[in-house]
Every structure is written in structure tokens, then in C-alpha cells.
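Biologist: Before I use this model for any calculation, could you take me closely through the backbone and burial details of one part of it, and then set that part in the context of its chain? Please state your cut-offs as you go.

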2 protein chains.
Amino acid sequence: MGRRRPGTPTLEEVAAHARVGRGTVSRVINNATGVKESTRLAVQRAIDELGYVPNLAARSLAGRRADAVALVMTEPDWRQFAEPFFSEIVTSLGDALTDTGMQLLLTLVRSDAERQRFLEYARGGRVDGVLLMSVHAGDPLPDMLAEARLPTVLLGRRSGDEYVSYVDMDNVGGARSAVSHLVQRGRRVIATITGPLDLHAAQCRLRGYEEALALAGMKVERTRVAESDFTAESGRRAMAELLERHPDIDGVLAASDTTAAGALEALRAAGRRVPEDVSVIGFDDFPLARRTEPPLTTVRQPIEEVGQAMIRLLLEEMEEGAVAWRHVILRTELVVREST
Amino acid sequence: MGRRRPGTPTLEEVAAHARVGRGTVSRVINNATGVKESTRLAVQRAIDELGYVPNLAARSLAGRRADAVALVMTEPDWRQFAEPFFSEIVTSLGDALTDTGMQLLLTLVRSDAERQRFLEYARGGRVDGVLLMSVHAGDPLPDMLAEARLPTVLLGRRSGDEYVSYVDMDNVGGARSAVSHLVQRGRRVIATITGPLDLHAAQCRLRGYEEALALAGMKVERTRVAESDFTAESGRRAMAELLERHPDIDGVLAASDTTAAGALEALRAAGRRVPEDVSVIGFDDFPLARRTEPPLTTVRQPIEEVGQAMIRLLLEEMEEGAVAWRHVILRTELVVREST
DNA sequence: CCAAGGATTGGGAGCGCTCCCGATCCGTGG
DNA sequence: CCACGGATCGGGAGCGCTCCCAATCCTTGG
């Protein structure tokens, strides 16, 4: 099938039109140095007159680079996708990429066929690097990319030791300080609603919860742990369940702000007052956390820095050809509001 | 900066390794006809042994096509992004694209700079066509793409006459039949919560509402119309407002299921029973509509067909070089549940 | 056994750009 | 007025692939 576009002028035509050599035009469009100002102007005029647009395929063939990076989402059920977390990350990545002149391409990988297709796309040189979001425990994609020696940076990690570069947050520390805060507030029956436990981040938060309890000399009880999938609905359900098992609960650490919002509803439905009867802490510090009733104490994740760090790692890897893996763990911070 | 990847084998090397000509290898990897089975096998083996992956830049330079289409989102505030509508569309587009072998790339355009960058990317030939979602009234991007003669298909349209191909739903008809249904149910004070009115779809739904009232010989009152931005929160607010102005409301058509869910909450808070006191109708028929209390009567949009239609139009345009604009209006359907 | 004609193959000619080296220009100091 | 060295330029040599035509290989039918 012929999907060709009508004849766009080529660099050579621009050169002829401006009465200069190809090299000069190339220098101008890449705004390289070493072009006399008058020449640059003449070339620029030719470009404008002809409506010239560089052919990116030719450029990347000759220059051996694509000037694009892919952001891959592998979340099979898309739930993450609707989370504000996602859009904030994308925004911050976009910002961090602005002055590199590279395009950010989002790609969805929902099946093996799509994974394969993407791999061919990436190995075929259409992107210079790959960013991966919300990678689940058994996902082979990161390793396949490493195999192909494509610069790759994960957001979060699949497990404790990961042979790929990643940026992660200090989930353990965040959860720990949140629970310690509950202890300081005098809470004694502290439960937690975790995220999906095949996500390493969720496990880390659970570990932080346990560590804080241990630190306070309190016993960890499995029945005080309920799992959610980060949605408000599942948070509500988990909270209801916990209340049933332990009517005397007086503190809860939720997997995310959204989950916490669900938990708040369940508590309200059960006639508990927050924070008088029960203290609730969220995770993420999304805008939502400010608007719940009462506003949520939560663990802030430095999303803006996440984007910057990911891009920085990726650029470094692109620079030197993926000879080492780097890890960045960003510090989290407890933001105290009225729910505790 | 050197973002080059280590030497990948080239087609020529594969040819040498398999002791055949370049053309033959090319035929094999594009599984074209006219290659003897034994030859094909030999080539395939060489490909596997060398771990060959075609260089897509070279392919698209020589073949004058990119084998990729972009899905552009211009929603400035991302609210749409979190809507299930969005992810369903993406899924259906992905499905429709599966057997064409093309990659679907999502791109975000949030500023003029990003619009410009994307335009260069597209005009530079990195994609064969462009799909645009949720285009707002004054957005110049579709025209810029048309100008560049890039095959383009909109989802929805900016106004009644649009010189670009698009796929849209019969929003007028959907709203009309929804309101007629309310009338049939004996409702007499019927209000509507619209979407953002700079979206043509929202205007069409409003028009359908008005038409149905006129058809029933009822008067249209501006005070029975409230605007929302499709979120649950804004739906709740709009409903509260409407109730204040017209305590005797007995029927509501909401802008979307999400908005309707918000409206339901506001009604509950105001002590109204649904459907006994007030009938509520949503729009979209998302999974959500089944799970509200009570389950929503709603206008179903044929999302799966939307994706298929968009891809079909795009392929047609790519085939023949954008010589005509095509419009497809998909029929909507009222799904009656318990909220009316 | 031979020629005709379809099935396979090989490989030249680009696609449009970047790299880079050698050529050309121009201003300066002697 | 001339040699010299840095600032500018021009354009050959690819980058790795597809297209397409001419060359070669097999089958048939006579």
C-alpha cells in the first residue's frame, strides 16, 4: 500500500535554492556553529520559502539516533492509568525532556504480541531509550530491553535487586515514618491497607509498617493487614473488612490517597470519627489529599523529581552506552494534615 | 552526543551469511511471495543466528512510510485522561490496529511548544497518520495537519462543519431519546447537566435535550441547565445547584456516567429517592453505570466501533493520499436500568 | 532433447541526511 | 604586498533498506 506523502522539498533543494552546499544547510537546521550570519539568514529564508521540513527517517539513519524516548505502560488492567499519579509523572517527564528536543512517546503493552511489537520498534532504533512504569513482578520486558542494550530506566522496581537502572522512592521509610507518627499520636491498634502485593512498592510500604511497629515494641498481626488495588472502591472494602475483624482499630495507613479516601468513606459509614476515633494516613500527596473530609495526612512523593531523575539517568545511559546501572531512591516526606 | 547503539547486524550481513542476495532477505523479512521455501528457511536461520533486527529508519527512508500512527491528546487539563472513556478508546484503537502491523503512539500536546514539536515529528515522517482525541473548539492542530497533508481523523468534532475526517456519535439523537424516555416515564421538570460547552459533543447533547422537550411540547428553561466538566465532583455540584433552583425536579440527563454518579450523590444528600422522586440518566454506558446505586439508565456509545471506524478512515486516507474528508456518525442507544 | 515462459534471485540505484576532510576565504602581522 | 592561520564552505562517502529490472533457474510441452 502506498502511504507516501506528496513530495516534500529536500535538504538538497534548499541548498540549491540558497546557493550553498548541503553541509551548510545541515549546519543551519541543526544550529551548529561556524556559519556566517549572512549565510544563515539566506538559508533560513530558503527554508521558509520552500516550507522545508527535515526528513527524520533520513536524519536518524545517518545520525544513528531517533531523538525520541518511549514511556511504556504495562499495567494489564489500566487501573493505574486513571490514577493522577500517572498523569503527574507524564507531565514531569515531559517537562524534563523539553530542552533535549526529544519526543516522548507513550506506548501501551497489554499482551505478548504488543510486547513483541514494541520490542521490534525499539530495537529497530525508533527510540533512543525506554522508560518503564509500574512494572509488575514477573514482567520480562526490562530484561529483554537490557538484552538489546537499549538504555532503560524503570520507575519503581520489580524486586530488591534489579539489574536495570531505576528511580524509586523510599517507600519503606515513608511508611515507617507514617506509622511512627500514628504511634506518637497514641494509636495502639494500627492497621494497614496495602496495594497489590506483586508490586514491590506495596511490599516495601508493608515492610515500613512492620518496622515501625517493631520499633515501637508493638506486635505485627496479619489480620490487621488488608490488600487493595489502589482504587477508592477497594479501599472502602478493605477498611470495612478490617473494621469487622478489629472494631477497636484506631489508626490506618492506606496504600494511596485514593485508597485512603475509600477508607474514609467506610469509616464514616461505620460511624467512626476521623481523627477523633481513628487516624488515617494516605500515600502520594495528590491534590485529592487536600480535599478529603478531613484533609489527609499523607506521605508525599516527590513526583517532579522523579521525572527529572528518570530523564537524567536515561540521558547518562544513552551517553555512555549502558555500561552500568544506576539507582536513585528519592526521599519521601510526611505531610501532616487533619486526619491524624 | 553519541546515542548510538552497538553494531546491530545489517540486512547485507544476513544476506552474506545465508549466501543469498539482499533482495531475497528483504523479501523474507517482509514475507513477500516469490521465495522458495528452502531459501526462506535458510534466510530465516541466518536471521535467527545473527539476531538480526531490521533498522526501521532505513526502512522508512527507503519505503517512505513509518508504520506508525500517533494518537494525540490535547486536553489541557488532563481530566479526560483519567476517564475510562479514554482508556477504552485506546484499547479499541490498539485492537483495530493489531493486524496492520503499525505501532500506536500516544502523544500529549499541552502547550504551543509541544504542538510545534509534534508537528515537526509528524511532518518529518515519523508517523503515517494522526488520530486526534477530544479536540476543543479553537484548536488549530487539525488544520495544521491538514495543511501538511497528513492523514488525520478526529474523534468528535470541533463544530458542525469540519474540514477534516472524523468519527462522531449521534449525541443529539442519544440525548433526545434519553429525554423522551424521561417524558414517557411521566417526568415533567426535567433538567440537564451538560459537559463543558466548548466541546461540540456537549452542545449536541444539550440540543438533543432541547429537541426532546420541544417535541413533547414542553418549554426549555435556561435555569434547568447546569454545566459540568465531566467529573463526579462537578456533577455533584451542578445537581445541588439545580435542586436549589428547582426543588421540584423529577428528571435529569447528565453529561456522562461519571457526572451522573456525582448527581446521584447530591440527590441522596438532598434526601431524594432515585428513581421514585427523580429519574437520572447518564451518558456513555461505562462499567461504572452498572455499579451505581441504583444502576444507571444511560446512553451507550459504541466505543469498540469508534476505534474500528477511526482506523478504517485513517487507512483509507493513507491509501489514497487525503483527497477527501469522510465523516462517520455512529448511532447511540438507550440502555434502560433502574435509575428511571 | 530443445525452446518457451513462469518462478526465483541478484544487485544497482536511490531514499535524504550527517560526518568530515580538504578547499576556499578573509583578516592580520611583518 | 605576501604568507599564514582560523573561519567558512562544499560535497564525497556512506547510513541500511526497498524497488525493480535484468539475469538465471526450472518446468513444461512439443
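Modeller: C204(A) counts as buried because its relative accessibility is 4%, where buried means under 20% relative accessible area, exposed over 50% and partly exposed in between, with a 1.4 Å probe and protein chains only. C204(B) likewise counts as buried, at 4% relative accessibility. The structure holds zero disulfides over all chains, a disulfide being a pair of cysteine sulfur atoms within 2.5 Å.

This is a predicted model, in which local features need pLDDT of at least 70 and side-chain atom pairs count only at pLDDT 80 or more, while totals for chains, interfaces and linings use all residues. Residues are numbered from 1 along each chain as its sequence is written, chains are lettered from A and ligands numbered from 1 in the order in which they are written, and side-chain values use heavy atoms, with hydrogens and water left out.

The part I would examine closely is the loop between α12 (287–291) and β10 (297–300) of chain A, where P294(A) lies; helices (H or I, at least four residues) and strands (E, at least two) are DSSP runs, numbered from the N terminus. A cis peptide bond joins E293(A) to P294(A), with omega at about -5°. Most residues other than glycine have a negative phi, and most peptide bonds are trans. P295(A) is placed in the loop between α12 and β10 as well, and P295(A) is buried because its relative accessible area is 18%. Setting aside neighbours within four places in sequence, P295(A) is in contact (heavy atoms within 4.5 Å) with A289(A) and R290(A), and also with R337(A), E338(A) and S339(A). By contrast, 22 Å separates the C-alpha atoms of P295(A) and D229(A), which are 66 residues apart along the chain.

On the other side of α12, the loop that runs from β9 (279–284) to this helix in chain A contains D285(A). D285(A) has a positive phi of about 55° although it is not a glycine, and D285(A) is buried, with a relative accessible area of 9%. R19(A), in the loop between α1 (11–18) and α2 (22–29) of chain A, also has a positive phi, near 55°, but R19(A) is exposed, with a relative accessible area of 77%.

Chain B offers a cis peptide bond of its own, between V274(B) and P275(B), with omega at about 10°; P275(B) lies in the loop between α11 and β9 (279–284) of chain B.

As for the context, chain A comprises 13 helices and twelve strands. Its C-alpha trace spans about 85 × 40 × 35 Å along the principal axes, and its radius of gyration is 26 Å, whereas a compact globule of 340 residues would have one near 20 Å; this radius is taken over C-alpha atoms, and the globule rule is 2.2 Å times the number of residues to the power 0.38. Buried residues nevertheless make up 56% of the 340 residues in chain A. Among contacts in chain A between residues at least 6 apart in sequence, 70% join residues at least 24 apart.
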